[in-house]
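Reader: I would like to go through the labels attached to this structure and hear, for each of them, the value and the criterion behind it.

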Amino acid sequence: QVQLVESGGGLVQPGGSLRLSCAASGSFGSVNAMGWYRQAPGKQRELVAAVISGGVTTYADSVKGRFTISRDNAKNTVYLQMNSLKQEDAAVYYCNAKIFARAGWGDYWGQGTQVTVSS
């Protein structure tokens with residue numbers, strides 16, 4: 001069974017920084033794209049950033065220049081460094097990964113971690 005376990009959310013003041021981590025565990029083969037989505041109250045879930053196994057990254061326009069996604073393939077872990085946080089960045093952040101497991105390729109999600117930006 002594949003699990004994505006997130007950590008690193010919390011409360012931060014505007015202009016502050018947080019680093020999110022997400023580790024894939026369980027029995028699986030390859031991990032392709034890994035990424036972060038977020039969902040604020042009353043809004044749809046949106047892609048924040050993603051990185052494929054080759055290292056190519058993509059970002060939402062709203063976070064470009066402030067957030068950095070990276071991954072450690074040996075640890076099957078993806079990170080999201082969030083700097084210069086704004087109140088509009090507050091949301092539940094979800095880790096996502098495309099993983100080849102027993103049933104083939106699947107789309108896996110973490111449980112979500114809350115990011116609150118407030119003074």
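The exchange below takes up those labels in turn, for a model that is predicted.

Reader: Why is D89 called buried?

Author: The relative accessible area of D89 is 1%, and the word buried applies under 20%, so D89 meets the criterion. As for its setting, D89 lies in the loop between β8 (77-82) and β9 (91-101), and, setting aside residues up to four places away in sequence, D89 touches R38, V63, R66, F67, S84, V115 and V117.

Reader: What makes the pairing of the D89 and R38 side chains a polar contact?

Author: The side chains of D89 and R38 are joined at 3.0 Å, and a polar contact requires N or O atoms within 3.5 Å, one able to donate a hydrogen and the other to accept it. The pair of D89 and R38 is accordingly listed as a polar contact.

Reader: How do you know that Y37 and W109 form an aromatic pair, and what makes that pair edge-to-face?

Author: The structure holds two aromatic pairs, and in the one formed by Y37 and W109 the distance is 5.0 Å centre to centre, with 65° between the planes. Ring centres must lie within 6.5 Å to pair, and planes over 60 degrees apart count as edge-to-face, so the pair of Y37 and W109 satisfies both conditions. Y37 lies in strand β4 (residues 31-39) and W109 in strand β10 (residues 104-109), so the pair ties together parts that are 72 residues apart in sequence.

Reader: What makes F100 and W105 an edge-to-face pair as well?

Author: The ring centres of F100 and W105 are 5.4 Å apart and their planes stand at 65°, so this pair is edge-to-face too.

Reader: Why are F100 and W105 given separate accessibility labels?

Author: F100 has a relative accessible area of 37% and is partly exposed, whereas W105, at 51%, counts as exposed. The term exposed begins over 50%, and partly exposed covers values between that and the buried range, so 51% earns W105 the label exposed and 37% leaves F100 partly exposed.

Reader: Why are Y37 and W109 not called buried?

Author: Y37 has a relative accessibility of 21% and W109 one of 34%, while buried means under 20%, so both residues are partly exposed.

Reader: How do you know that a charge sits over the ring of W109?

Author: The charged end of R45 is 4.7 Å from the centre of the W109 ring, and the distance criterion is within 6 Å, with an additional limit on the angle to the ring normal. R45 is listed as sitting over that ring; elsewhere, R19 lies over the face of Y79, at 4.1 Å from the ring centre.

Reader: What makes the link of C22 and C95 a disulfide?

Author: The distance from S to S is 2.0 Å, and a disulfide needs two cysteine sulfur atoms within 2.5 Å, so C22 and C95 qualify. By this rule the count comes to one disulfide, and with -80° about the S-S bond the link is left-handed. C22 lies in strand β3 (residues 18-25) and C95 in strand β9, so the pair ties together parts that are 73 residues apart in sequence; both cysteines are buried.

Reader: How do you know that N96 is buried, and what does its side chain meet?

Author: The relative accessibility of N96 is 3%, and buried means under 20%, so N96, a residue of strand β9, is rightly called buried. A polar contact of 3.2 Å joins the side chains of N96 and K98, and the backbone oxygen of Y108 lies 3.3 Å from a polar atom of the N96 side chain; both values are within 3.5 Å.

Reader: Which residues touch the most other members of the largest nonpolar core?

Author: That core has 30 residues, of which W36, V48, F67, V78, L80, M82 and Y93 touch the most other members. The elements giving two or more residues to this core are β3, β4, β5 (46-51), β7 (67-72), β8, β9 and β11 (113-117), and the largest share, six residues, comes from β9.

How values were computed
Residues are numbered from 1 along each chain as its sequence is written. This is a predicted model: local features need pLDDT of at least 70, side-chain atom pairs count only at pLDDT 80 or more; totals for chains, interfaces and linings use all residues. Side-chain values use heavy atoms; hydrogens and water are left out. Helices (H or I, at least four residues) and strands (E, at least two) are DSSP runs, numbered from the N terminus. Buried means under 20% relative accessible area, exposed over 50%, partly exposed in between (1.4 Å probe, protein chains only). Contact means heavy atoms within 4.5 Å. Rings of Phe, Tyr and Trp (its six-membered ring) pair if their centres lie within 6.5 Å; planes under 30 degrees apart count as stacked, over 60 as edge-to-face and the rest as tilted. A charge sits over a ring if NZ of Lys or CZ of Arg is within 6 Å of the ring centre and within 35 degrees of the ring normal. A nonpolar core is a set of buried Ala, Val, Leu, Ile, Met, Phe, Trp, Tyr and Cys residues joined through side-chain atoms within 4.5 Å.
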